[in-house]
Each structure stands twice: as C-alpha cells, then as structure tokens.
Amino acid sequence: MSPVTKSATPTTVPGAVTTRQPEIDDAVRMWEIARDSQVLDLNSSYAYLLWCRDFRDTSVVAEQDGRVGGFVTGFVRPEDPRTVFVWQVAVDESLRGRGVAAAMLNDLLDHLALQGVTRLETTISPGNDASRALFSSVARMRYVDITQRELFTNSHFPDQHESEELYIIGDDTTGGEQ
C-alpha cells in the first residue's frame, strides 16, 4: 500500500486531534479507553504497558489537547513481515464520529509502508458492523481491496467468545494461509 500524502507541518490548533506512537505513560489511558468501550476484549493493564514498550512502532495513539483519546495496537506478523495485524482499535466516546479511528489506521499504514508493509490483517466478529465499516472505509480511502474469510470459530475459544473473521486490506496472495 502506498502512503497517502500528508502535510509536512503538524497540526497545532487547539482542539485538533493528532496522532503519534504511544509511550509507556499512555498505557493507563489506553486500558481505560478499552475498558470504557464495553465492546473490546479488555487486556490486562500489563499488556497495554507491553504494547507501548515493545510494539510502539506498530501502534498509534490519537491525542487532543494533550490527552490520549484513542489508540490502535498492532504487530508485524513474524511469518510475514509485509503484514501488520491490527489487534485493537478504540476511540474515546468524546472523539467518536470524527474519523479518528480511520486517521490512526491510515497513519499506521503510511508509517509501515516505509518498512515494506503492504497489507493489514484484523479479525472482526460477525456482529461488529462498526468495525467492518471502519476497515472497509480505510480500504476505499487507500484504493485497495478488502477480503474476508473465516479464521476462528466460536468452538476455538474456551469461553463464550464469538467467532472471528479475518479481514485483509491490500495484497491478499496468501492462498488461504492463516
């Protein structure tokens, strides 16, 4: 995926939403946003600390007036270094409906394109229309395909977790590999 052209001048307008890589001090706020979403699987607070330390290059936070209001966590797949897997996307209620999630995903993809990443993978449960719409809109913005296939059925999970379908944005040449 080719990077989308952006202005070289960062936005500094009060109230503007900016994006950046997370720092360890952002982990608490990321955990709070995930908890408050009441939709995401809540990871331990320790997991968010590790995301900010070990996966900061493949993650993004959105900030408004010095306060983190959203995040994307991801990692480059070890078996396929051209693929970023997006683990979670969350936006605080106060920033929803403003395109923040799409901006974070696009910034992440632009950054990782410089490292040879050409596709994004994520999983979405069948009832999550908002996530399906978000990732479909990002694919449209980037003029690339989005494909979907089964990955984990609910029988793969030891609890009452819904199935998770794999969505791929960009080059889908895996031939069905998972």
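Of the 178 residues in this chain, 43% count as buried. The model is a predicted one. The chain exposes about 9800 Å², and 52% of that area is supplied by carbon and sulfur atoms.

The secondary structure amounts to 4 helices and 7 strands. Followed along the sequence, these elements come in the pattern β-α-α-β-β-β-α-β-α-β-β. Among contacts with a separation of 6 or more, 64% join residues 24 or more positions apart.

Helix α4 covers residues 129–141. Its 13 residues should span 18 Å at 1.5 Å a residue, and because the end C-alpha atoms are 18 Å apart, the model agrees with that expectation. The buried residues in α4 are Leu-134, Phe-135, Ser-136, Ser-137, Val-138 and Ala-139. The buried residues of this helix pack against four strands and a helix, listed here by range: β4 (80–91), β5 (119–124), β6 (146–152) and β7 (164–170) are the strands, and α3 (100–113) is the helix. Just after α4, Tyr-143 takes a positive phi of about 60°.

The surface offers a separate topic. Ile-24, Tyr-46 and Leu-49 form a nonpolar patch there, and together they have about 310 Å² of accessible area. One of these residues, Leu-49, is found in helix α2, which runs over residues 45–54. Leu-49 has a relative accessible area of 36% and is therefore partly exposed, since that class lies between the 20% limit for buried and the 50% limit for exposed.

Technical notes:
Residues are numbered from 1 along each chain as its sequence is written. This is a predicted model: local features need pLDDT of at least 70, side-chain atom pairs count only at pLDDT 80 or more; totals for chains, interfaces and linings use all residues. Side-chain values use heavy atoms; hydrogens and water are left out. Helices (H or I, at least four residues) and strands (E, at least two) are DSSP runs, numbered from the N terminus. The expected span of a helix is 1.5 Å times one less than its number of residues. Buried means under 20% relative accessible area, exposed over 50%, partly exposed in between (1.4 Å probe, protein chains only). Contact means heavy atoms within 4.5 Å. Patches are made of residues with over 30% relative accessible area and no salt bridge: like charges are joined within 9 Å, nonpolar side chains (Val, Leu, Ile, Met, Phe, Trp, Tyr) within 5 Å. Accessible areas come from the Shrake-Rupley method with a 1.4 Å probe; for residues, only the protein chains shown count as cover. A salt bridge is a side-chain nitrogen of Lys or Arg within 4 Å of a carboxyl oxygen of Asp or Glu.
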